[in-house]
Amino acid sequence: MSAEPPESPGSPGVPESPGFLAMLPRLTRLSTAVSRGRLVERAAEEAGLGRDRAAVGVLVTLRTADRPLRIGEIADRMQVVGPHITRQVQALEKRGLVRRIPDPHDARARLIEPTDVGAEAVDRYLAFVLGWFTDTLADWPHKDRDDLVRLLARFADDVTARLALLDDEDD
(Lines give C-alpha, C1' and ligand atoms only; values in the text may rest on other atoms or scores of the structure.)
Protein backbone atom coordinates (compact mmCIF):
# COMPACT_ATOMS: atom_id res chain seq x y z
CA MET A 1 0.00 0.00 0.00
CA SER A 2 1.38 3.40 -0.99
CA ALA A 3 1.93 6.16 1.58
CA GLU A 4 1.21 8.75 -1.11
CA PRO A 5 -2.39 9.93 -1.54
CA PRO A 6 -4.01 9.04 -4.86
CA GLU A 7 -3.77 11.67 -7.55
CA SER A 8 -6.86 13.46 -8.79
CA PRO A 9 -7.84 12.17 -12.25
CA GLY A 10 -8.36 15.73 -13.51
CA SER A 11 -5.17 17.24 -12.12
CA PRO A 12 -1.95 15.29 -12.59
CA GLY A 13 0.29 15.54 -9.54
CA VAL A 14 -2.45 16.98 -7.27
CA PRO A 15 -3.58 14.57 -4.51
CA GLU A 16 -7.28 13.73 -4.60
CA SER A 17 -8.78 15.35 -1.52
CA PRO A 18 -11.41 17.94 -2.42
CA GLY A 19 -11.99 18.88 1.22
CA PHE A 20 -8.33 19.75 1.70
CA LEU A 21 -8.17 21.56 -1.60
CA ALA A 22 -11.15 23.73 -0.61
CA MET A 23 -9.61 24.34 2.82
CA LEU A 24 -6.25 25.54 1.50
CA PRO A 25 -7.31 29.07 0.43
CA ARG A 26 -9.18 29.52 3.70
CA LEU A 27 -6.17 28.38 5.69
CA THR A 28 -3.98 30.82 3.75
CA ARG A 29 -6.43 33.69 4.36
CA LEU A 30 -6.65 32.81 8.05
CA SER A 31 -2.87 32.71 8.40
CA THR A 32 -2.50 36.05 6.67
CA ALA A 33 -5.33 37.64 8.65
CA VAL A 34 -3.90 36.56 11.99
CA SER A 35 -0.22 37.18 11.24
CA ARG A 36 -0.56 40.42 9.28
CA GLY A 37 -3.89 41.73 10.42
CA ARG A 38 -4.52 44.47 12.91
CA LEU A 39 -5.43 42.05 15.69
CA VAL A 40 -1.85 41.40 16.80
CA GLU A 41 -0.87 45.05 16.45
CA ARG A 42 -3.92 46.31 18.32
CA ALA A 43 -3.47 43.74 21.10
CA ALA A 44 0.22 44.67 21.46
CA GLU A 45 -0.65 48.36 21.58
CA GLU A 46 -3.38 47.74 24.19
CA ALA A 47 -0.85 45.79 26.28
CA GLY A 48 1.75 48.56 26.04
CA LEU A 49 4.14 46.39 24.03
CA GLY A 50 4.38 48.53 20.91
CA ARG A 51 4.38 47.01 17.45
CA ASP A 52 7.31 44.63 17.82
CA ARG A 53 5.71 41.30 16.85
CA ALA A 54 8.85 39.29 17.50
CA ALA A 55 9.13 40.64 21.04
CA VAL A 56 5.47 39.81 21.63
CA GLY A 57 6.14 36.30 20.33
CA VAL A 58 8.98 35.82 22.81
CA LEU A 59 6.82 37.03 25.70
CA VAL A 60 3.91 34.79 24.70
CA THR A 61 6.27 31.83 24.37
CA LEU A 62 7.66 32.48 27.84
CA ARG A 63 4.20 33.03 29.32
CA THR A 64 2.81 29.79 27.92
CA ALA A 65 5.83 27.74 29.01
CA ASP A 66 5.67 25.94 32.33
CA ARG A 67 9.10 27.22 33.35
CA PRO A 68 11.84 29.69 32.37
CA LEU A 69 13.48 28.78 29.06
CA ARG A 70 16.91 28.91 27.46
CA ILE A 71 17.36 31.03 24.33
CA GLY A 72 17.53 27.86 22.20
CA GLU A 73 14.28 26.54 23.66
CA ILE A 74 12.51 29.81 22.86
CA ALA A 75 13.91 29.68 19.32
CA ASP A 76 12.77 26.08 18.88
CA ARG A 77 9.27 26.83 20.12
CA MET A 78 9.04 29.87 17.83
CA GLN A 79 10.71 28.01 14.95
CA VAL A 80 13.35 30.69 14.40
CA VAL A 81 17.13 30.82 14.79
CA GLY A 82 18.80 31.51 18.13
CA PRO A 83 20.55 34.79 17.23
CA HIS A 84 17.17 36.33 16.38
CA ILE A 85 15.86 35.42 19.84
CA THR A 86 19.04 36.66 21.51
CA ARG A 87 18.44 40.12 20.01
CA GLN A 88 14.79 40.07 21.06
CA VAL A 89 15.65 39.02 24.61
CA GLN A 90 18.27 41.77 24.87
CA ALA A 91 15.70 44.36 23.75
CA LEU A 92 13.12 42.99 26.19
CA GLU A 93 15.70 43.08 29.01
CA LYS A 94 16.40 46.76 28.30
CA ARG A 95 12.68 47.44 28.59
CA GLY A 96 12.48 45.52 31.88
CA LEU A 97 10.11 42.89 30.47
CA VAL A 98 12.34 39.80 30.89
CA ARG A 99 15.33 38.82 33.00
CA ARG A 100 18.03 36.18 32.89
CA ILE A 101 18.33 33.80 35.80
CA PRO A 102 20.85 31.03 36.51
CA ASP A 103 20.03 27.57 35.20
CA PRO A 104 19.97 25.30 38.28
CA HIS A 105 21.16 22.37 36.12
CA ASP A 106 24.05 24.17 34.37
CA ALA A 107 25.96 26.97 36.10
CA ARG A 108 27.20 28.26 32.73
CA ALA A 109 23.72 28.68 31.24
CA ARG A 110 21.01 31.27 31.81
CA LEU A 111 17.27 30.93 31.61
CA ILE A 112 14.88 33.66 30.50
CA GLU A 113 11.70 34.53 32.37
CA PRO A 114 9.28 37.45 32.23
CA THR A 115 9.56 40.08 34.93
CA ASP A 116 6.39 41.02 36.80
CA VAL A 117 5.97 43.95 34.39
CA GLY A 118 6.52 41.63 31.40
CA ALA A 119 4.06 39.05 32.73
CA GLU A 120 1.41 41.74 33.27
CA ALA A 121 1.94 43.11 29.76
CA VAL A 122 1.72 39.71 28.09
CA ASP A 123 -1.36 38.87 30.17
CA ARG A 124 -3.04 42.05 28.87
CA TYR A 125 -2.04 41.05 25.33
CA LEU A 126 -3.44 37.53 25.75
CA ALA A 127 -6.64 38.82 27.36
CA PHE A 128 -7.21 41.06 24.33
CA VAL A 129 -6.49 38.34 21.75
CA LEU A 130 -8.39 35.58 23.57
CA GLY A 131 -11.30 37.95 24.22
CA TRP A 132 -11.42 38.78 20.52
CA PHE A 133 -11.51 35.10 19.55
CA THR A 134 -14.09 34.36 22.25
CA ASP A 135 -16.31 37.12 20.87
CA THR A 136 -15.80 35.82 17.32
CA LEU A 137 -16.98 32.35 18.34
CA ALA A 138 -19.71 33.52 20.74
CA ASP A 139 -22.53 32.25 18.51
CA TRP A 140 -20.97 28.80 18.10
CA PRO A 141 -22.36 25.95 20.17
CA HIS A 142 -20.12 25.03 23.12
CA LYS A 143 -19.34 21.60 21.60
CA ASP A 144 -18.21 23.20 18.32
CA ARG A 145 -15.86 25.55 20.20
CA ASP A 146 -14.44 22.63 22.19
CA ASP A 147 -14.03 20.60 18.99
CA LEU A 148 -12.26 23.50 17.28
CA VAL A 149 -9.80 23.89 20.15
CA ARG A 150 -9.12 20.16 20.32
CA LEU A 151 -8.75 19.65 16.57
CA LEU A 152 -6.77 22.82 15.96
CA ALA A 153 -4.31 21.84 18.70
CA ARG A 154 -3.95 18.38 17.18
CA PHE A 155 -3.55 19.83 13.69
CA ALA A 156 -0.90 22.32 14.82
CA ASP A 157 1.02 19.60 16.69
CA ASP A 158 0.90 17.22 13.73
CA VAL A 159 1.92 19.88 11.19
CA THR A 160 4.78 21.01 13.43
CA ALA A 161 5.99 17.42 13.90
CA ARG A 162 5.81 16.72 10.17
CA LEU A 163 7.71 19.92 9.37
CA ALA A 164 10.38 18.91 11.88
CA LEU A 165 10.82 15.67 9.92
CA LEU A 166 11.40 17.71 6.75
CA ASP A 167 13.99 19.80 8.60
CA ASP A 168 15.70 16.62 9.80
CA GLU A 169 15.84 15.29 6.22
CA ASP A 170 17.47 18.56 5.05
CA ASP A 171 20.21 18.36 7.69
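Just after helix 4, Gln79 takes a positive phi of about 60 degrees. That small detail is a good place to start a tour of this predicted model, and we can work outward from there.

**The chain as a whole**

The protein chain holds seven helices and four strands. Read from the N terminus, its elements follow the order β-β-α-α-α-α-α-β-β-α-α. Of the 171 residues in the protein chain, 26% are buried. The chain exposes about 12,200 Å², and carbon and sulfur atoms supply 57% of that area. How do its contacts spread along the sequence? Among contacts between residues at least 6 apart in sequence, 41% join residues at least 24 apart.

**Helix 4 and its cover**

Let us return to helix 4. Which of its residues are buried? They are Ile71, Ile74 and Ala75. These buried residues lie on the same side of helix 4, because they cover an arc of only 100 degrees around the axis. A general point about helices helps here: an α-helix has 3.6 residues a turn, so residues three or four places apart point the same way. The cover over the buried residues of helix 4 includes helix 3, helix 5 and strand 4.

**Helix 5, the next one along**

Helix 5 covers residues 82–94. With 13 residues, helix 5 reaches 18 Å from its first C-alpha to its last, close to the 18 Å expected at 1.5 Å a residue. Buried in helix 5 are Ile85, Gln88, Val89 and Leu92. Their arc around the axis is only 100 degrees, so they sit on the same side of helix 5. On the other side of helix 5, Pro83 and Lys94 are exposed. What do the buried residues of helix 5 pack against? Their partners are helix 3, helix 4, strand 3 and strand 4.

Like helix 4, helix 5 is followed by a residue with positive phi. Here the residue is Gly96, and its phi is near 75 degrees.

**A hairpin and a loop residue**

Strand 3 (residues 98–103) and strand 4 (residues 106–114) run antiparallel and are joined by six bridges. A hairpin through two residues connects strand 3 to strand 4. Asp103 stands opposite Asp106 in strand 4.

Beyond this pair of strands comes Thr115, in the loop between strand 4 and helix 6. Is Thr115 buried or exposed? Thr115 counts as buried, because its relative accessible area is 11%, and the cut-off for buried is under 20%. Leaving aside neighbours within four places in sequence, Thr115 is in contact with Gly96, Leu97, Val98 and Arg99. Gly96 is the residue with positive phi that follows helix 5.

**Charged pairs**

Side chains of opposite charge can pair when their charged atoms come close. In this model the count comes to 13 salt bridges. The table shows some of them, with the distance between N and O atoms.

| Residues | N to O distance |
|---|---|
| Asp123 and Arg63 | 2.5 Å |
| Arg70 and Asp103 | 2.9 Å |
| Arg67 and Asp66 | 3.9 Å |

The salt bridge between Asp123 and Arg63 closes at 2.5 Å, N to O. The pair links distant parts of the chain: Asp123 belongs to helix 6 (residues 116–136) and Arg63 to helix 3 (residues 53–64), 60 residues apart. Asp123 counts as partly exposed at 32% relative accessibility, and Arg63 is partly exposed too, with a relative accessible area of 37%.

In the salt bridge between Arg67 and Asp66, Arg67 is partly exposed at 38% relative accessibility, whereas Asp66 is exposed at 71%.

The salt bridge between Arg70 and Asp103 spans 2.9 Å, N to O. Its partners also come from distant parts of the chain, with Arg70 in the loop between helix 3 and helix 4, Asp103 in strand 3, and their positions 33 residues apart. Arg70 is partly exposed, with a relative accessible area of 33%, while Asp103 is buried, with a relative accessible area of 8%. Salt bridges that share partners join Arg70, Asp103, Asp106 and Arg108 into one network. Two members of this network, Asp103 and Asp106, are the residues that stand opposite one another in the hairpin strands.

Definitions and conventions:
Residues are numbered from 1 along each chain as its sequence is written. This is a predicted model: local features need pLDDT of at least 70, side-chain atom pairs count only at pLDDT 80 or more; totals for chains, interfaces and linings use all residues. Side-chain values use heavy atoms; hydrogens and water are left out. Two strands pair if DSSP finds at least two bridges between them. Buried means under 20% relative accessible area, exposed over 50%, partly exposed in between (1.4 Å probe, protein chains only). Contact means heavy atoms within 4.5 Å. Accessible areas come from the Shrake-Rupley method with a 1.4 Å probe; for residues, only the protein chains shown count as cover. A salt bridge is a side-chain nitrogen of Lys or Arg within 4 Å of a carboxyl oxygen of Asp or Glu. The arc is that of the directions from the helix axis to the C-beta atoms. The expected span of a helix is 1.5 Å times one less than its number of residues.
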